[in-house]
Amino acid sequence: MLSNSLIELDRAHLVHPVASWQGHEARGVRLLQSAKGATVTDAEGRELIDGFAGLWCVNAGYGHESIVEAAAEQMRRLPYATGYFDLGAEAPIRLAAALAERAPGDLNHIYFALGGSDSVDSTIRFVRYYWHAKGQPGRDQFISVAQGYHGSTTMGAGLTALPSFHTGFGVPYEWQHKISSHYSYRNPVGDDPEAITAASVAELKAKIEEIGPERVAAFYVEPIQGSGGVLVPPPGWVKAMRQTCRDYGVLFVADEVITGFGRTGPLFACEDEGIVPDLMTTAKGLTSGYVPMGAVFMADHVYETIAEGAGAAAVGHGFTYSAHPVSAAVALEVLRLYEDGGLLENGRKMGARLMAGLQGLADHPLVGDVRGRGMLAAIEMVTDKAKKTPVPAELNAATRLFDRAWEQGLVIRAFANGIFGYAPPLCCTEAEIDAIVERTRKVLDLTLDDPEIR
Ligand code: PMP
């Protein structure tokens with residue numbers, strides 16, 4: 001069988017990202033062969049609802065011919081043009097203008113990267129350059145939030161605050177600091193939103209004071225923490241953190257790699273919060289995963305300071321594939337589908353349905369917490385509701401729950417500690433959203449009967 005030989009070739013040669021290399025050798029790859037809308041088909045021809053949109057990225061859904069056409073047309077006409085020096089092509093220029101027009105506030109300057117990690121990495125370089133240009137090179141300390149994820153490059157992985165991205169890699173660096181997460185379900189100050197926000201503001205201020213306000217360059221935050229377990233901050237939390245940064249003159253960087261492009265309802269989650277960051281990173285939904293691309297948004301003052309600081313010299317940062325015309329052509333078509341194609345609007349409706357459906361599981365004996373916004377949600381499983389006892393890590397719950405959901409025809413993100421993550425495509429129908437909820441209920445019921453996980 002073709003799939004058997006592929007599984008062997010994979011085992012022998014393909015190194016998988018963010019996987020246990022040994023565990024993967026033992027289990028072998030799960031092959032997908034095709035997809036349409038919100039449905040993926042595996043190598044055996046089984047259809048599953050993709051409740052996670054690939055890796056929180058296929059926001060538009062699979063199989064849009066118009067996206068394929070946009071890429072093909074660009075490839076035929078001009079498959080590549082460098083953005084280096086003064087060169088360029090039409091699609092990236094049109095895309096930059098379209099994004100600037102839609103971005104919050106004065107985030108008018110767009111630098112294109114290849115994905116989320118190198119977008120974050122680019123912001124670290126731009127932030128450093130900015131403070132040099134301002135004559136304050138001593139501002140070289142960075143703060144991010146525990147449970148945060150900011151990618152997997154060497155510098156970005158240090159802003160990330162998840163242990164598996166640090167152990168064995170020699171990060172974080174001494175200039176990368178963390179404050180606690182707002183994680184409402186398990187916050188030492190309790191679950192009162194105002195108390196959580198006040199505690200986070202106090203901790204950020206204390207951290208800035210401890211480092212020395214004249215040394216802090218930037219603070220990084222996800223509007224909703226994704227890879228940390230879909231942790232939604234209390235209303236007003238992001239705004240309060242933004243204000244604290246403003247008070248200290250610290251740059252505020254919003255990492256919207258997951259939350260951007262309709263995931264939480266509006267085009268950008270910063271709109272939910274009513275804030276304008278100094279820099280903003282996006283990727284994933286920008287091209288809906290059809291081709292790689294990321295975008296860094298810079299406020300006017302950031303761009304102008306760097307431009308002035310460099311003067312006639314080149315700002316020495318860029319990739320061969322920055323502002324790739326094929327990716328830009330795809331992103332322009334994806335943006336059209338979000339807006340004129342009604343996907344943002346559908347996503348908002350389906351997001352409300354998903355949240356209501358998942359809330360309906362809250363009384364299940366294994367469900368400790370249900371949280372989310374728009375088409376980004378999670379349920380947190382516990383073995384004892386009253387005590388909020390997490391699923392023990394040694395049970396390898398992620399693999400088991402993922403497999404169990406797969407058997408029910410549902411793809412979810414299963415986190416190690418029994419958290420199920422959801423980020424379905426915005427094109428989902430009501431029936432698909434209802435099936436996601438019902439299949440989740442089935443997984444929970446089966447797990448209830450599993451003596452080990454209890
Ligand atoms: N930032 C955030 C908030 C992310 O969720 C991710 C990816 N999940 C990244 C950065 C890195 O993006 P990429 O995997 O495209 O490099």
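## A parallel pair of strands

Strand 8, residues 251-255, runs parallel to strand 9, residues 279-282, and three bridges join them. Within this pairing, D255 lies opposite T281 of strand 9. The model described here is predicted.

## The sheet

The sheet that holds these strands is open and has seven strands, in the order 4-10-9-8-7-5-6, with mixed pairing. Its edges are strand 4 (109-113) and strand 6 (176-179); each has a single partner strand, so one side of each lacks a neighbour in the sheet. On average, and ignoring direction, neighbouring strands are turned by 20° against each other.

Helix 8, residues 193-211, packs on this sheet. The helix touches strand 5 (141-145), strand 6 and strand 7 (216-221), and its direction makes an angle of about 155° with that of strand 6.

## Helix 9

Helix 9 covers residues 237-248, twelve residues in total. From its first C-alpha to its last it reaches 17 Å, close to the 16 Å expected at 1.5 Å a residue.

Which residues of helix 9 are buried? They are W237, V238, M241, R242 and C245. Viewed down the helix axis, these residues fall within an arc of 135°, so they line one face of helix 9. Their packing partners are helix 8, strand 7, strand 8 and helix 10 (269-273).

## After the helix

G249 comes just after helix 9 and has a positive phi of about 70°.

Key
Residues are numbered from 1 along each chain as its sequence is written. This is a predicted model: local features need pLDDT of at least 70, side-chain atom pairs count only at pLDDT 80 or more; totals for chains, interfaces and linings use all residues. Two strands pair if DSSP finds at least two bridges between them. Helices (H or I, at least four residues) and strands (E, at least two) are DSSP runs, numbered from the N terminus. Axes are lines fitted to C-alpha atoms, for helices over the stretch in contact, and angles run from 0 to 180 degrees between N-to-C directions. Two residues are in contact if their C-beta atoms, placed from the backbone, lie within 7 Å. The expected span of a helix is 1.5 Å times one less than its number of residues. A residue is buried if 20 or more other C-beta atoms lie within 10 Å of its own, exposed if 12 or fewer, and partly exposed in between; C-beta atoms are placed from the backbone. The arc is that of the directions from the helix axis to the C-beta atoms.
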